[in-house]
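Open the structure in your viewer and keep the sequence panel beside it. This tour goes from one selection to the next and says what is there.

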Amino acid sequence: MPELQPLRADHAPAVLAFEMANRAYFTATISDRGDAYFEEFTARHDALLAEQKGGVCAFYVLVDEDGSVLGRFNLIDITEEHSATLGYRVAQHATGRGVATAAVQELCRLAASRHGLHTIRAATSHENIASQKVLTKAGFTPVGPADPSDIGGKQGTWYQRDV
């Protein structure tokens, strides 16, 4: 069974493989990370770990039994008001099986118990029906329009869940 794990330094090779294998799939619904992301991956991974250590963000990976990464689930911009923004992405071959919904639900539990959060927000584009379903099934409700700058230049909606 896949396990949601806090991001660690030794996850780097599996995370890079995940991002490379799913790049074209992700860019169909969200903005491409660009070539620089892959060229500077090690430095970026180290920077994420530093942010996590500083308590600004909490990064998680969904690790399959074989050690491969099935998804990334992140709480970013953790505030003094005990809120954060959720971001996630799941490998194409893992979609449609409830993996994202289960991981988002688990992350919501961790957000409250481990990170002391009260509110989580997430934005998704109008075209990303799968993400809308995941958020709704995980207990999020629409709370208003998302600015295109929040979701890669696309129109969308903010969702919110109290944890």
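Helices and strands are DSSP runs, a helix having at least four residues and a strand at least two, and they are numbered from the N terminus. With these labels, Ala-94 can be placed in the loop between E4 and H5. The model is a predicted one.

**Stop 1: a loop residue**

Select Ala-94. Is Ala-94 buried or exposed? Residues under 20% relative accessible area count as buried, and Ala-94, at 1%, is therefore buried. Leaving out residues up to four places away in sequence, Ala-94 touches Leu-70 and Val-99. Now add Ala-14, which is 80 residues from Ala-94 along the chain; their C-alpha atoms are separated by 15 Å.

**Stop 2: the sheet**

Show the strands. In what order do the seven strands of the open sheet stand? The order is E1-E2-E3-E4-E5-E7-E6, and the pairing is mixed. Strand E1 (3-6) and strand E6 (141-146) are at the edges; each has a single partner strand, so one side of each has no neighbour in the sheet. On average, neighbouring strands of this sheet are turned by 30° against each other, with direction ignored.

**Stop 3: strand E2 and its partners**

Select strand E2, residues 58-63. Six of its six residues are buried, so E2 is largely enclosed by the rest of the structure. Show the side chains: Ala-58, Tyr-60 and Leu-62 point one way from E2, while Phe-59, Val-61 and Val-63 point the other way.

Add E1, which pairs with E2 in the antiparallel sense over four bridges. Here Glu-3 has Val-63 in E2 as its bridge partner.

Then add E3. E2 and E3 also form an antiparallel pair, with six bridges, and Val-61 stands opposite Arg-72 in E3. The two strands E2 and E3 make a hairpin with five residues between them. Click on Gly-67 in the turn, which has a positive phi of about 90°.

**Stop 4: from E3 to E4, and the helices across them**

Select strand E3 (residues 69-76) and strand E4 (residues 83-90), an antiparallel pair with six bridges. Leu-75 is opposite Leu-86 in E4. H5 packs on the sheet, touching E1, E2, E3, E4, strand E5 (119-125) and strand E7 (156-162). The direction of H5 makes about 35° with that of E3. Helix H1 (residues 12-21) lies across E2, E3 and E4, and runs at about 100° to E3.

**Stop 5: the nonpolar core**

How many residues does the largest nonpolar core have? It has 44, and those with the most contacts inside it are Leu-4, Phe-73, Leu-75, Leu-86, Val-104 and Phe-140. Helix H5 (residues 99-113) gives the largest share of this core, eight residues.

Centre the view on Phe-73. Setting aside neighbours within four places in sequence, its contacts include Leu-4, Phe-59, Tyr-88, Val-104 and Leu-107.

**Stop 6: two cysteines**

Select Cys-57 and Cys-108. A disulfide is a covalent bond between the sulfur atoms of two cysteines. To be counted here, the two sulfur atoms must be within 2.5 Å. Why is Cys-108 not bonded to Cys-57? The sulfur of Cys-108 is 16 Å from that of Cys-57, the closest cysteine sulfur, which is too far for a bond. The count of disulfides comes to zero. Cys-57 is buried at 4% relative accessibility, and Cys-108 is buried at 3%.

**Stop 7: two threonines**

Select Thr-124, which lies in strand E5. Thr-124 is buried, with a relative accessible area of 4%. Its side chain is joined to the side chain of Ser-131 by a polar contact of 3.4 Å. Not counting residues up to four places away in sequence, Thr-124 touches several residues, among them Ser-131, Leu-135, Ile-151 and Tyr-159.

Last, select Thr-136 in helix H6 (residues 129-137). Thr-136 has 48% relative accessibility and so counts as partly exposed. Which backbone oxygen does the side chain of Thr-136 reach? It reaches that of Gln-132, at 2.9 Å. Add Gln-160 to finish: Thr-136 and Gln-160 are 24 residues apart in sequence, and their C-alpha atoms are 9.5 Å apart in space.

Conventions:
Residues are numbered from 1 along each chain as its sequence is written. This is a predicted model: local features need pLDDT of at least 70, side-chain atom pairs count only at pLDDT 80 or more; totals for chains, interfaces and linings use all residues. Side-chain values use heavy atoms; hydrogens and water are left out. A nonpolar core is a set of buried Ala, Val, Leu, Ile, Met, Phe, Trp, Tyr and Cys residues joined through side-chain atoms within 4.5 Å. Buried means under 20% relative accessible area, exposed over 50%, partly exposed in between (1.4 Å probe, protein chains only). Contact means heavy atoms within 4.5 Å. Two strands pair if DSSP finds at least two bridges between them. Axes are lines fitted to C-alpha atoms, for helices over the stretch in contact, and angles run from 0 to 180 degrees between N-to-C directions. A polar contact is a pair of N or O atoms within 3.5 Å; within protein, one must be able to donate a hydrogen and the other to accept it, and residues adjacent in sequence count only if both atoms are side-chain atoms.
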